[in-house]
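Student: Please take a close look at the pockets of this model. I would like one connected description of them, set against the chain as a whole.

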Amino acid sequence: MDIATLREKHADHWTRACALRALAMDAVQAANSGHPGMPMGMADVATVLFGKHLKFDASAPKWADRDRFILSAGHGSMLIYALLHLTGYADMTLDQIRNFRQWGAITAGHPEYGHVAGIETTTGPLGQGISNAVGFAMAEESLRARFGARIVDHRTWVIAGDGCLMEGISHEAIGLAGMQKLSKLIVLWDNNNISIDGKVSLSDVTDQRARFAAAGWKVLACDGHDPVDIDRALTEARTSDRPVLVDCKTHIGFGSPKKQDTAGAHGSPLGPDEITATKAIYGWNHGPFDIPKEIKAAWEKIGARGAAARADWEARLAALPAAKRAEFERQMSGGAPKRLAATIRALKKQNAELQPKVATRKASEHVLEVVNPVMPETIGGSADLTGSNNTRTGDLGIFNPENRKGRYVHYGIREHGMAAAMNGMVLHGGVRPYGGTFLCFTDYARGAMRLSALMGVPTVYVMTHDSIGLGEDGPTHQPVEHLAICRATPNTWTFRPADLIETAEAWELALTAERTPSVLALSRQNLPTVRTLHTAKNLTAQGGYILREADGKRQAILMATGSEVEIALKARDLLQAEGIGTRVVSMPCMELFAAQPEAYRKRILPAGPVRVAVEAAVRQPWDRWLLGERGREAKSAFVGMEGFGASAPAERLYAEFGITAEAVVAKVKARL
């Protein structure tokens, strides 16, 4: 539909949509940075969506049963900022719009969760938003099954661009969504055929409609500038029994005389002259950031449209039995049940007495067997490695279209899609997801894992087969650098427990975290119980602690994690037999140890003794504890990996790579 017809036949719609376009052009120009073309192209779709279909109340951005809107094409952030400002979100003031992309403003270059009410997830890395949305829709299905449609009944709407659909993660996401028949998920594709380099045809010939249809989606199409046609498509999408792709054919930089339908509208300001010319074509006779009162009032009326529905929902929630209402509110808040701590303590006490010798992946399963019954909000899963990751317990049931009360997801070989979906579940609220694969395959999930940390989302990553100890599968599957990568990521807890006791403590911390994701690096091989004296206190919460004290004068401190704690203890016995007093420090979480007060760290790692760290991985993360914190190079050493592993039984690999108690002893004695 051309602009003249839009202005003539849909005047009210046109002025509202032009307010979005004008703010986008003005803010990007003021910042001299940003992406105006996408908001200009999708303004008509967004106006119809917010005006007629999206269930929301701008005065209550945390309303649990609101529709979720995700701008997967996060580079077009000014679209959502303009929508939030115009509809009346209190924190999105005009001054924030004016300060787009500036220090201290909530209007970041790409939408960031936690900065702004109404931003459901951080987007910008393309493909993440649409993949998060799958998790949002899964969480909605799960909660509706548990609490009923009178309490949970909403949709997840996504605006995604060509780039989102090119990213490989989108293939994982749409396949999972199609298999799960997530009928409350609706993706609006901004089909403008432009990327940064130019026309999409430079790099891609995919028939996206056929692709989505093949994955089990319903596919619709509309003229992305015709409000009547957009409304028709969105209305039909809401009646689907499976996820929906709406192909919205649009013009990037709509109305710009020189830059419409070009890459020039994508990622840079239009320029003052082009903005003036474009506004003239629009019939928008207002200065920068000037929104007429009647247009702002019309948008604010849209923002208040959901108030009655919210009031009705609050009445239904209040009418629930008190216990059920309290449980709903607890789960939506993310708080752990009071029984969790006692459950973990009981398991620790039992196993300190039994002293089992089990792989920590199996220990993790034992923990989940007692945790899942007391935390009905957990949803577990695995990227096609259920039997190896030990992530499924008998009480969960399979989450699928036939059983929305199921709590275990078969993600298939989709590590990245799994991680992004889990982020979406946490962001939605009411769900505590955990998902498993091999630690080596954190490489495949890295983009979403980084966003867990950036957003402060407490997703739990169960990463098994954590070293050369996995044996015969060889170096393709043996992680050596991955612990370093995880530990280098800000705001991430990387746990590598030594036995069932530390595994239980790690799970307690992961499931009570509020703003930090956790990686549980777990062994394939059996490990002995090293914590044989029960303590109610969660020692893993300290990050590192004294597992065995030196007998006599302390001359050496051995630090280790996971499967190498056993080696450190054997080395201690050998050293003590020679009269060399040796302390063993278990360090299941370096990040938590670093967060301890200086006085505690000094007590654990005092100056003076030789320090040797033992871990079947690269040395890099250990240098702080070997060379810093009162340590020095002449009295420190590392026993671990210097390169990739090999294919052989685990025992042979440890011997060949020199990760043995005897090697530790030699390092200590050489530095005394």
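Tutor: What follows goes from the whole chain to the two pockets and then to one exposed residue. The model is a predicted one.

The protein chain folds into 27 helices and 18 strands. Its C-alpha trace spans about 95 × 55 × 45 Å along the principal axes. For 672 residues, a compact globule would have a radius of gyration near 26 Å, and the 28 Å of the protein chain agrees with that. Of these 672 residues, 62% count as buried. Among contacts between residues at least 6 apart in sequence, 78% join residues at least 24 apart. The surface that the protein chain exposes comes to about 24100 Å², with 52% of it supplied by carbon and sulfur atoms.

Now to the pockets. Rolling a probe the size of a water molecule over the atoms shows where empty space is left.

The largest pocket holds about 610 Å³ of space. It is lined by 32 residues, and those closest to its centre are Tyr113, Met332, Ser333, Val426 and Leu427. Two elements give two or more residues to this lining: α14, which covers 322–333, and α18, which covers 415–428. Sorted by class, the lining of the largest pocket consists of 14 nonpolar, eleven polar and seven charged residues.

In the second largest pocket there is about 450 Å³ of space. The lining here is made of 21 residues; Gln525, Glu566, Ile567, Glu651 and Tyr654 are the closest to the centre. The elements that supply two or more residues to the lining of this second pocket are α22 (564–577), α26 (650–656) and α27 (661–671). Its lining divides into eight nonpolar, six polar and seven charged residues.

One residue can be added for the surface. Asp12 sits in helix α2, which runs over residues 11–31. Its relative accessible area is 55%, and because exposed means over 50%, Asp12 counts as exposed. In sequence, Asp12 and Ile295 are 283 residues apart, while in space their C-alpha atoms are 8.6 Å apart.

To recap the pockets: the largest one, of about 610 Å³, takes two or more lining residues from each of α14 and α18. The second largest, of about 450 Å³, takes two or more from each of α22, α26 and α27.

Note on methods:
Residues numbered from 1 in each chain as written. Predicted model: local features only at pLDDT ≥ 70, side-chain atom pairs only at ≥ 80, totals over all residues. Heavy atoms only, no water. 1 Å grid on protein atoms, 1.4 Å probe; cavity = no way out; pocket = protein on both sides within 12 Å on 5 of 7 lines; lining within 4 Å. Points joined across faces, edges and corners; volume = space filled by probe spheres on them. Helix = DSSP H or I, 4+ residues; strand = E, 2+ residues; numbered from the N terminus. Nonpolar A, V, L, I, M, F, W, Y, C, P; charged D, E, K, R; others polar. Buried < 20%, exposed > 50% of the residue type's maximum accessible area, 1.4 Å probe, protein only. Rg over C-alpha atoms; globule rule 2.2 N^0.38 Å. Contact = heavy atoms within 4.5 Å. Areas by Shrake-Rupley, 256 points an atom, 1.4 Å probe, with all protein chains shown as cover.
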